[in-house]
Amino acid sequence: MQIWKSSETCRSIGVLLFDDFSNHCLANAIEPFRAANTMARKQLYRWQFLSLDGTAVVSSSGLPVHPGAALARHPGGDYLFVMPSYGFQAHATPACARGLRAARRRFSTLVGMDTGSWLLADAGLLEGRRATIHWDELGNLAETYPGTRVTDDRMVDDGDILTCGGVTTTFDLALHLIEAHHGAMLRLEVASLFMHGEAAAPLPGPSRMPRNRKAEAAVALMRRNIETPLPIPDIARQIGLSAKSLSQICQQRHGLGAAQLYQAIRLREARRLIEQTGFGIEEIAGRCGYQNASAMTRAFHREFATTPRDLRRSGP
């Protein structure tokens with residue numbers, strides 16, 4: 001019952017870096033895809049670092065990156081991530097604009113990250129498009145490029161051009177793409193690895209929490225209560241919902257009812273412990289909220305079409 005979208009497609013990403021790019025932004029752009037590959041046990045994504053001329057670029061904190069190619073020499077692919085970060089206006093040169101316009105014909109989707117929207121707009125690629133940018137530059141982008149419909153959303157998906165507003169929103173955008181390609185459950189697993197969304201768990205005043213945040217808040221509570229699972233009505237009560245309403249919003253957001261989702265989260269923790277620790281199967285069962293190893297093994301086999309012992313024997 002993995003409920004990932006089945007696909008043999010490996011999507012290709014070009015990451016166009018400029019001097020003074022943000023290390024944090026780069027990590028948030030790539031690490032979710034690396035994690036998705038690891039969890040899927042196959043290459044769902046591959047990427048290559050690029051610069052305009054193929055020479056090394058240095059991040060704002062002094063990290064050098066030696067690109068695999070110049071942008072003009074890259075054959076293209078599914079996505080081009082444009083990531084200038086600091087000093088972005090200095091990179092808005094005629095050569096950069098020409099390079100991005102040419103790349104538009106080779107890459108299916110362009111993605112402006114952090115201040116990357118500025119370079120896309122300067123190349124004329126955001127004319128008549130919705131877009132966002134780092135929030136410090138929203139007004140400046142709107143004034144300088146009035147043909148762009150600038151919004152203060154964290155992320156904008158405008159079909160074949162995507163934009164986001166900064167470091168944390170870059171992570172949101174990566175998760176958005178993973179979900180679009182492979183479903184909500186893989187997105188949830190990747191987010192869980194990085195503890196993304198855990199801030200939703202302390203729930204003062206649940207009646208004031210927007211409904212679209214309550215599914216994430218429920219997931220955070222489930223993650224924090226794996227060894228001793230909470231009854232679904234208790235989780236619902238903590239976020240100001242009925243058990244039925246909780247199941248409905250979990251189904252809408254993650255494709256599973258609340259009880260199924262809770263079990264899926266516990267089983268994925270069991271899989272992690274099987275693969276990454278030396279704990280015995282009986283102990284793992286207890287740590288994941290099962291009364292005994294047999295009960296966990298039955299559920300594990302239904303979920304992953306293998307048993308805990310067979311998975312451990314198969315190795316990494």
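Let me begin with a single residue: P231 sits in the loop that links α7 (211-224) to α8 (232-238). I should say at once that the model is predicted, and that every value I quote is computed from it.

Is P231 buried or exposed? Neither label applies: its relative accessibility is 43%, so P231 is classed as partly exposed, because that class covers values between 20% and 50%. As for its surroundings, P231 and A259 are 28 residues apart along the chain, and their C-alpha atoms are separated by 8.9 Å.

Let me now turn from this loop to the chain as a whole. The secondary structure comprises 13 helices and 11 strands. Along the principal axes, the C-alpha trace extends over about 65 × 45 × 35 Å. How does the radius of gyration relate to that of a compact globule? For 316 residues, a compact globule would have a value near 20 Å; the chain has 22 Å, which agrees.

The next topic is packing. Of the 316 residues in the chain, 51% are buried. Taking contacts between residues at least 6 apart in sequence, 65% join residues at least 24 apart.

Finally, the surface and the charges. The accessible surface of the chain amounts to about 14300 Å², and carbon and sulfur atoms account for 50% of that area. The chain carries 36 positive and 30 negative charges. How far apart are the mean positions of these two sets? The separation is 7 Å.

To return to the starting point, P231 is a partly exposed residue in the loop between α7 and α8, within a chain of which 51% of the residues are buried. Thank you.

Definitions and conventions. Residues numbered from 1 in each chain as written. Predicted model: local features only at pLDDT ≥ 70, side-chain atom pairs only at ≥ 80, totals over all residues. Heavy atoms only, no water. Helix = DSSP H or I, 4+ residues; strand = E, 2+ residues; numbered from the N terminus. Rg over C-alpha atoms; globule rule 2.2 N^0.38 Å. Buried < 20%, exposed > 50% of the residue type's maximum accessible area, 1.4 Å probe, protein only. Contact = heavy atoms within 4.5 Å. Areas by Shrake-Rupley, 256 points an atom, 1.4 Å probe, with all protein chains shown as cover. Lys, Arg positive; Asp, Glu negative; His and termini not counted. Charge placed at Lys NZ, Arg CZ, Asp CG, Glu CD.
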